[in-house]
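The following paragraphs lead the reader through a single protein chain, from its overall make-up to individual residues. Please keep the sequence and the model in view while reading.

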Amino acid sequence: MTSPEAEQGGVAGETPSTPEDGAPRPEERLERAVRAAEQALIEYEIAVETFRIEVENFSRLHHQKLGPMYARLDELDAQIAEARAARTGDPEDRRKADEARARVLPMPAVEELFHGWMDGDGLFPEAAAMLTEQPVRPPQRVRPSAEARKLYRELARKAHPDLAQDDAERARREEFITRVNGAYARGDEALLRELAEEWAKGPAPVERGPSRSEELYARLEWLAQRKEMLTLVAKELEEGAIGSMLRLAPEDPDRLLDEIAEQLLADVALREQELATLLGQ
């Protein structure tokens, strides 16, 4: 990655040429603008990816920890409706009871069954392990530790594919970042440290050479389009059900799960009391 000193001085390793009045040439100002835009985009991508991983972890833990409670509530609702229908004999109550029973553990569609477990290349490792009866390691927390977040951000800034100067270098960076993202999603600090050491031993990134104004303008346009796409991704994450819940407790999302669990337990107790009353117990 280009150092701040290099950014201030134009292309690393070269003395910027200036007109006689000492002001940088227009092409050099454009070069600095491109580099500033690149760094800003990388920081934005890191923020979006960090939030995406939190949303994915929260969704998975939400299902694993709270799914049985939701299922219990659905079952109690069905039993309450059935008990009420048996007591009143009202056809409308019978219809409502049938609807409540139909909502208990419905058969999911394929996309619902594998929601959060599949990407463009197929099943995630956790899903593959589950289907082959291998141990599954779900994330233990919504948000990885502070040290894991620090390591992840440092690696993302250093190895970001947008800093590649050719296709081979981009492919190397994309493969590496995929491993970084996987380690961060699991909160694996030890693996993130190993990846940091691996990157430090790898080939040094090639510094950007002088570019023509046309190429720089094209680069700026690409960066702007990339930012627009990321903005849409961020908006979709934030406005989704899980993202909206996370925004209720941005500093401690893991505690939010505990608070929801407490509320669900209270709801279960109320439903059980209502059912007992209907059954005359």
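**A guided reading of the chain**

The chain contains 11 helices and 2 strands. Read along the sequence, these elements follow the pattern α-α-α-α-β-β-α-α-α-α-α-α-α. The model is a predicted one. Of the 281 residues in the chain, buried residues make up 34%. Among contacts between residues at least 6 apart in sequence, 71% join residues at least 24 apart.

Before the details, the confidence of the prediction deserves attention. The average pLDDT of the chain is 78, and 75% of the residues score at least 70. Over residues 1–18, however, the pLDDT is below 50, although this stretch has 33 contacts in the model beyond near neighbours in sequence. Residues 107–121 form another such stretch: pLDDT stays under 50 there, and the model has 14 contacts for these residues beyond four places in sequence. Where pLDDT is low, the predicted coordinates should not be read in detail.

The interior may be considered next. The largest nonpolar core has 30 residues, and those with the most contacts inside it are Phe58, Leu66, Val142, Leu257 and Leu264. Helices α2 (26–88), α9 (213–239), α10 (241–246) and α11 (253–278) each supply at least two residues of this core. The most is given by α2, with 13 residues. A second, separate core comprises 19 residues, among them Ile53, Tyr184, Leu192 and Trp199.

Val142 offers a point of entry into the largest core, being one of the residues with the most contacts inside it. Leaving aside its neighbours within four places in sequence, Val142 is in contact with Glu54, Asn57, Phe58, Leu61, Leu246, Pro253, Asp254 and Leu257. One of these partners, Glu54, lies in helix α2. Is Glu54 buried or exposed? With a relative accessible area of 7%, Glu54 falls under the 20% limit and is therefore buried. Besides Val142, Glu54 touches Arg143 and Leu246, when residues up to four places away in sequence are not counted.

Helix α2 also packs against other helices, and its pairing with α7 may be examined first. The two helices α2 and α7 pack at an angle of about 45°, with their axes 10 Å apart. That angle makes α2 oblique to α7. The crossing in which α2 passes α7 is right-handed. On the α2 side, Glu49, Thr50, Ile53 and Asn57 take part, and they meet Asn181, Tyr184 and Ala185 in α7. Ile53 and Tyr184, which appear in this packing, are also included in the second core.

Asn181 can be followed further. This residue is found in helix α7, which covers residues 167–185. Its relative accessible area is 19%, which lies under the 20% limit, so Asn181 counts as buried. Apart from neighbours within four places in sequence, Asn181 is in contact with Glu49, Ile53 and Tyr152.

The pairing of α2 with α3 has another geometry. Helix α3 spans residues 91–102, and it packs with α2 at an angle of about 160°, the axes lying 8 Å apart. How, then, are α2 and α3 oriented to each other? Since an angle over 145 degrees counts as roughly antiparallel, α2 and α3 are roughly antiparallel to each other. Here α2 passes α3 in a left-handed crossing. From α2 the contact is made by Glu75, Asp77, Ala78, Gln79, Ala81, Glu82, Arg84, Ala85 and Thr88, and from α3 by Asp93, Arg94, Lys96, Ala97, Ala100 and Arg101.

Two residues of this contact illustrate its surroundings. Ala97 has its place in helix α3 and, at 0% relative accessibility, counts as buried. Not counting residues up to four places away in sequence, Ala97 touches Ala81, Glu82 and Ala85. Ala97 and Ala86 are 11 residues apart in sequence, and their C-alpha atoms are 9.5 Å apart in space.

Glu75, by contrast, lies in helix α2 and is partly exposed, with a relative accessible area of 21%. Beyond residues up to four places away in sequence, Glu75 touches Arg101 and Val104. The C-alpha atoms of Glu75 and Arg271 are separated by 9.8 Å, while the two residues stand 196 residues apart along the chain.

Methods:
Residues numbered from 1 in each chain as written. Predicted model: local features only at pLDDT ≥ 70, side-chain atom pairs only at ≥ 80, totals over all residues. Heavy atoms only, no water. Core = buried A, V, L, I, M, F, W, Y, C linked by side-chain atoms within 4.5 Å. Buried < 20%, exposed > 50% of the residue type's maximum accessible area, 1.4 Å probe, protein only. Helix = DSSP H or I, 4+ residues; strand = E, 2+ residues; numbered from the N terminus. Contact = heavy atoms within 4.5 Å. pLDDT = per-residue confidence, 0-100. Axes fitted to C-alpha atoms, helices over the stretch in contact; angles between N-to-C directions. Parallel < 35°, antiparallel > 145°, perpendicular 65-115°, else oblique. Left-handed = near helix turned anticlockwise from the far one by under 90°.
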